[in-house]
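Trainee: Could we go through this model together, one question at a time?
Mentor: Gladly, let's have a look.

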Amino acid sequence: MDTFAEVMTWLKNHRPFGIKPGLQRVEHLLEALGNPERRLLSVHIGGTNGKGSTLTYVQSMLQASGLRVGTFTSPYIIQFEERISVNGTPIPQEDFISAARAVAPHAAALEKTEWGPPTEFEILTVIANWYFAKVAVPDIVIWEVGLGGRLDSTNVIQPTLSVITNVGKDHMHILGSEITDIAKEKAGIIKPAVPVITACRNPEASAIIHTRAVEMHAPYYAFQEHFELLDGSMDKDGGTFSVRTPFHRYKDLRVFLRGEHQLENGALAVMIADYLRVYRSFPIDKQSLAEGLAKAFWPGRLEKLQESPLVLMDGAHNPEGVERLARYLAKVYPDRALHLLTAFTVEKEPSAMFAPILSLDPASFIMTRFSHPRAADPAQVSLAGEAFSDWKKGYNELLKRAGANDVIVLAGSLYFISEVRRHFLAGKKV
């Protein structure tokens, strides 16, 4: 492989192998490469919602403190390489090629074993470990779980800290239909004696996370028990809040990610940063922490695309995410007509997922699709609403209907949001 295009073709050839939960293939590849993951100081973030926002807050605070921060996220919003980044800069294509060359022969050898060929995500996880350890050498790497936790490819790392944002009903076709089943999978990232911080509020899920922490002899920090969000107030462009951790109290912090849930994500991120300050001696002072929070930006999360009519874009793709979106709209724009354009993947149950936002009685509810093998066909969905096979036509229809004071929301799968955002950033006409 000599070009980035050839590497991408090689990766895409592994996409048909789908999702294969299990760690054996990744462990085998990492061992063949000399276990680069053991050289990294890592934080592991799992949960149903809020992983990306929490990661972004922590990354921004650490960067503001002068640290070099690696991140591994999924899916991508702007470009594929952003999934592996250092201080927000995606892995250079030449380094991606070098990493792929290092991994490729071992990936090929795996095909002859009982485990079979690795998936695209498994290869990407290994490439990230190789790049961070051999080339980028960041001070710390923050890993976002891809799916679940226990059997996710990222669970091969040995973190200094594990984080579980929350537990909700998503990916139930893989993780289980009950909240307790999903919680067990999320709690699977907790390692022996490695502290865990969680913002989970569901009592059943929290009990499972706590039990797992006790079993692993892992110090346990829970939201509103060991650290608290205080004096939180939300506005249309973000919010202000204070946080009490076991180590310090931070007052009048500001974030510019929209939604009440972003105050909770911010409080969780402050707890993570404060833990790293106290137990890993990271040079994080109050000013850097506050500046980092205020600078944090995560695309596709209640992101504003235009002012009049107001157009927001949000990657709400499960019941909890849609409920948070609906809560924000009801609180901030209670008297403005709402128009929704959404697209989602085939495994979702749209009637349950969209109930919170349909309860707001939107003036328009249009279902559409996007370019991805798992995209649902809106014409086949038994849900009251209009169906457009082309999202651009659906969006243009909403622009015709919406008054200057109305709100248009594009929401659903992050794959859909990525496609929409790339189109808008390119300045193309819709």
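Trainee: Which residues does UniProt list for "domain: Mur ligase C-terminal"?
Mentor: First, a word on the ground rules: this is a predicted model, where local features need pLDDT of at least 70, side-chain atom pairs count only at pLDDT 80 or more, and totals for chains, interfaces and linings use all residues. Residues are numbered from 1 along each chain as its sequence is written, and side-chain values use heavy atoms, leaving out hydrogens and water. The UniProt entry is unreviewed, and its annotations may be inferred rather than shown by experiment. For this domain the record lists residues 300–413.

Trainee: How far apart are the centres of domain 1 and domain 2?
Mentor: The bounds, from an automatic or database domain assignment, are 4–295 for domain 1 and 303–427 for domain 2. In contact (heavy atoms within 4.5 Å) are 19 residues of domain 1 and 21 residues of domain 2. Taken over C-alpha atoms, the centres are separated by 27 Å.

Trainee: At what angle do the axes of helix α4 and helix α5 cross?
Mentor: Helices here are DSSP runs (H or I, at least four residues), numbered from the N terminus. Axes are lines fitted to C-alpha atoms over the stretch in contact, with angles from 0 to 180 degrees between N-to-C directions. For α4 (residues 93–110) and α5 (residues 120–136), the axes come within 9 Å and cross at roughly 115°.

Trainee: Which residues in α5 does α4 meet?
Mentor: From α4, the residues taking part are Asp95, Phe96, Ser98, Ala99, Ala100, Ala102 and Val103. In α5 they meet Ile123, Leu124, Val126, Ile127, Trp130, Tyr131 and Val135.

Note on methods
Helices (H or I, at least four residues) and strands (E, at least two) are DSSP runs, numbered from the N terminus.
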